[in-house]
Amino acid sequence: MQDLGSPAAGADRTFEELLTAVGRDRDRAAFAALFGHFAPRLKAYLRRQGCDAGGAEELVQDVMLLVWRRAETYDPTQASAGTWVFTIARNRRIDALRREQRPEIDPADPTLVPDPMESADDGVAARETAGRLRAALKTLPPEQADLLRLAYFEDKPHSLISAEQGIPLGTVKSRLRLAMERLRKAMRDSR
């Protein structure tokens, strides 16, 4: 039985022919010959690029897996087999460096933690407060209630309300202040 990993398995063919055989025929013996030749060289190359031993070994496995999967895209008229394989290794190394530089997501980050569920008592209390506020709004004079709606529900600036309603800016502010005082008093009295 022929050792697939031995250089003898592909000794009579060039690396370009071996790569073409892998892409065309999924030739395992050709891939084993490519692996036997390129894997140690890739590992040495990646170590010179700053990878630790474990990282280099992992990248070599990744690169050779890509060689197996993408061998059919190899064009011997464009580059030698070595150039093609080492280009894949260089690109995978760059990808690995980019992944290392991205910050890890902290699952305990308060912006990622959903708000706790509102208790039933809190929900009832919030609905009661909203009901009291709606009732208090109905007691306001229409000109104050309209200004409150424009300022707080439609989020319009006081100057725009003044221009739209045709009333002086000071009057807008005075009516809003009076309306807020009435609402506060009504909310305090309704408890």
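The following exchange concerns how terms are applied to a predicted model.

Modeller: In this predicted model, local features need pLDDT of at least 70 and side-chain atom pairs count only at pLDDT 80 or more, while totals for chains, interfaces and linings use all residues. Residues are numbered from 1 along each chain as its sequence is written, and side-chain values use heavy atoms, with hydrogens and water left out.

Colleague: Why is Gln-144 called buried?

Modeller: Buried means under 20% relative accessible area, exposed over 50%, and partly exposed in between (1.4 Å probe, protein chains only). Gln-144 has a relative accessible area of 5%, so Gln-144 is buried.

Colleague: Which residues is Gln-144 in contact with, leaving aside its neighbours within four places in sequence?

Modeller: These are Arg-175, Leu-178, Ala-179 and Arg-182, where contact means heavy atoms within 4.5 Å.

Colleague: What makes the pair Arg-26 and Glu-72 a salt bridge?

Modeller: The term requires a side-chain nitrogen of Lys or Arg within 4 Å of a carboxyl oxygen of Asp or Glu. For Arg-26 and Glu-72 the N to O distance is 2.9 Å, so the pair meets the definition. The two residues are 46 residues apart and link distant parts of the chain.

Colleague: Why does Glu-72 count as partly exposed?

Modeller: Its relative accessibility is 46%, so Glu-72 falls between the two cut-offs.

Colleague: Why is Asp-189 called exposed, and Lys-185 partly exposed?

Modeller: Asp-189 has a relative accessible area of 54%, and is therefore exposed. Lys-185, at 47%, counts as partly exposed. The side chains of Asp-189 and Lys-185 also meet in a salt bridge, at 2.9 Å from N to O.

Terms used. Helices (H or I, at least four residues) and strands (E, at least two) are DSSP runs, numbered from the N terminus.
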